[in-house]
Amino acid sequence: MAKKSSNKAEEAPLKLFYIFYNQERWDNWVKSLSEASFEVDTKSEEMPEGFRILDGFSVDITLEVLKIIKLFQNKRFTSEEAQEKLVQVEAIVMAAAPSGDLEELIEILQLPKLVLFASCRKYLAGGFEKDIKTLVKKGRDTIDKDMEQALEIASNIGASVIDGAACCGKYVKDDLENPTLFDEWLIECERIFEAMGSLKNFDESTGEDD
């Protein structure tokens, strides 16, 4: 019994070793984006540097947000603690975009993250719908009529993915000429799926055995 009590006492301080997404991290990405070139090099098949950075920026946010969820899943955080951390990160990511040349790019970055944060909240709250095929159909039928309702539908998909469901590559058509915002949310759900896979062993051990 004494050993069990000792282990519990050791677990709580571990939270202090996790560095969560902060304003400095956001500002560093924005600075890199502001210094990058978006000009197309006709001699190269690679996308312009600026768009590569924008993509990395987006992936970084998704990964860092889902680390909070993983800590909840690993019982490092209570639901309330995880929600508090999410609120702090969301305030940084979803703040008003800086005016100027980057404003449109930051807004393009932010729109898919609406479903990231909504999905995390939905997952922590529990009780979400899990029939992804039906949800995708409902979302596509709803997006042009009621964006908030479509986001609610998409958050059920994202919560299901966080919970272990596979989605959403097969629902995103490569040949879409004019993807809707709901399609962008499905792409973000696919990124959530990929990120959860890459975080499979995140916080697997405390480091005491290293």
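In the predicted model, W26, W29 and F57 make up one aromatic cluster. The aromatic pairs number 6. One of them joins F38 and F51 in an edge-to-face arrangement, with 5.0 Å from centre to centre and 85° between the planes. F38 is located in the loop between α2 (23–35) and α3, whereas F51 belongs to helix α3, so the pair ties together parts that are 13 residues apart in sequence. F38 has a relative accessible area of 25% and is therefore partly exposed. F51 is likewise partly exposed, its relative accessible area being 37%.

A further aromatic pair is formed by Y123 and F128 and is tilted, the centres lying 6.2 Å apart and the planes meeting at 35°. The angle is over the 30 degrees below which planes count as stacked and does not exceed the 60 degrees required for edge-to-face, so the pair is classed as tilted. Y123 is buried, with a relative accessible area of 13%. F128 also counts as buried, because its relative accessibility is 12% and the limit for burial is 20%.

The largest pocket encloses about 240 Å³ of space. Its lining consists of F51, L54, D55, S58, I108, L109, P112, E184, I187, E188 and R191. F51, the residue paired with F38, is thus also part of this lining. Three helices, α3 (49–73), α5 (103–125) and α8 (181–198), each contribute at least two residues to the lining of the largest pocket. By residue class, the lining comprises 6 nonpolar, 1 polar and 4 charged residues.

The structure contains 1 disulfide. This disulfide is formed by C167 and C168, whose sulfur atoms are 1.7 Å apart. The pair is assigned as a disulfide because the cut-off for the sulfur atoms is 2.5 Å and the separation is 1.7 Å. The torsion about the S-S bond of C167 and C168 is about 105°, so the disulfide is right-handed. Both cysteines of the disulfide, C167 and C168, are buried.

C189, by contrast, takes part in no disulfide, and the nearest cysteine sulfur, that of C168, is 4.7 Å away. This separation is over the 2.5 Å limit, which is why C189 and C168 are not assigned as a disulfide. C189 is buried, with a relative accessible area of 0%. C120 has 0% relative accessibility and therefore counts as buried.

C168 itself is placed in the loop between α7 (147–162) and α8. Its relative accessible area is 1%, so C168 is buried. Leaving aside residues up to four places away in sequence, C168 touches I157, L186, C189 and E190. Contact is assigned to heavy atoms within 4.5 Å, so the listing of C189 among the contacts of C168 does not conflict with the 4.7 Å given for the nearest cysteine sulfur of C189. C168 and I192 are 24 residues apart in sequence, and their C-alpha atoms are 9.5 Å apart in space.

Technical notes
Residues are numbered from 1 along each chain as its sequence is written. This is a predicted model: local features need pLDDT of at least 70, side-chain atom pairs count only at pLDDT 80 or more; totals for chains, interfaces and linings use all residues. Side-chain values use heavy atoms; hydrogens and water are left out. Buried means under 20% relative accessible area, exposed over 50%, partly exposed in between (1.4 Å probe, protein chains only). On a 1 Å grid over the protein atoms alone, a cavity is a set of points where a 1.4 Å probe fits but cannot get out, and a pocket is an open set with protein on both sides within 12 Å along at least five of seven lines; lining residues have an atom within 4 Å of a point. Grid points are joined across faces, edges and corners, and a volume is the space filled by probe spheres set on the points. Helices (H or I, at least four residues) and strands (E, at least two) are DSSP runs, numbered from the N terminus. Ala, Val, Leu, Ile, Met, Phe, Trp, Tyr, Cys and Pro count as nonpolar, Asp, Glu, Lys and Arg as charged, and the others, Gly among them, as polar. Rings of Phe, Tyr and Trp (its six-membered ring) pair if their centres lie within 6.5 Å; planes under 30 degrees apart count as stacked, over 60 as edge-to-face and the rest as tilted.
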